Amino acid sequence: MIENVKNNIEELIGKEATIKYSLGRNKYEKYSGIIKETYSKIFLFETNGIKKSFSYADVLTKNVKISIKT
C-alpha cells in the first residue's frame, strides 16, 4: 500500500500542489508549492523556499491530503 502511495507521489515530482496537513482537533495547515524529491519513507515539498517533509504513511492515513494544481 505504501509503495502505491510512493509511486503516485513520484509521478508528481516538479508539479505544483497544495498540501493540507491535519494537526488534529479539526485544525489544519495548508501549503502551496512543489513536490521536490522522494525518499524511501518521506517526500520533500517546497513552499516559499522552505522545504517540508511528509511521510507516505501520513498520506495513507489521510493526515496529509495532496491536491494538484491544473
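A salt bridge is a side-chain nitrogen of Lys or Arg within 4 Å of a carboxyl oxygen of Asp or Glu. The structure is a predicted model, in which local features need pLDDT of at least 70 and side-chain atom pairs count only at pLDDT 80 or more, while totals for chains, interfaces and linings use all residues. Residues are numbered from 1 along each chain as its sequence is written, and side-chain values use heavy atoms, with hydrogens and water left out.

**Exercise 1. Determine how many salt bridges the structure holds, and place the pair of Glu 46 and Lys 36.**

Step 1. A search of the whole structure gives 2 salt bridges.

Step 2. In one of them, the side chains of Glu 46 and Lys 36 meet at 3.7 Å, N to O. This pair links distant parts of the chain, with Glu 46 in strand S3 and Lys 36 in strand S2, 10 residues apart. Strands (E, at least two residues) and helices (H or I, at least four) are DSSP runs, numbered from the N terminus.

Step 3. Glu 46 counts as partly exposed because its relative accessibility is 24%; buried means under 20% relative accessible area, exposed over 50%, and partly exposed in between (1.4 Å probe, protein chains only).

Step 4. The side chains of Lys 51 and Glu 37 also meet in a salt bridge, at 3.9 Å, N to O. Lys 51 lies in strand S4 and Glu 37 in strand S2, so this pair ties together parts that are 14 residues apart in sequence.

**Exercise 2. Describe how S3 is joined to S2 and to S4.**

Step 1. S2 and S3 run antiparallel and are joined by 4 bridges; two strands pair if DSSP finds at least two bridges between them. Ile 35 has Phe 45 in S3 as its bridge partner.

Step 2. S2 and S3 form a hairpin with 3 residues between them.

Step 3. S3 and S4 (residues 50–55) are antiparallel as well, with 6 bridges. Their hairpin has 2 residues between the strands, and Asn 48 in the turn has a positive phi of about 50 degrees.

**Exercise 3. Is Thr 18 buried or exposed, and which residues does Thr 18 touch?**

Step 1. Thr 18 is found in strand S1.

Step 2. Thr 18 is buried because its relative accessible area is 13%.

Step 3. Contact means heavy atoms within 4.5 Å. Not counting residues up to four places away in sequence, Thr 18 touches Lys 30, Tyr 31, Ser 32, Lys 65, Ile 66, Ser 67 and Lys 69.
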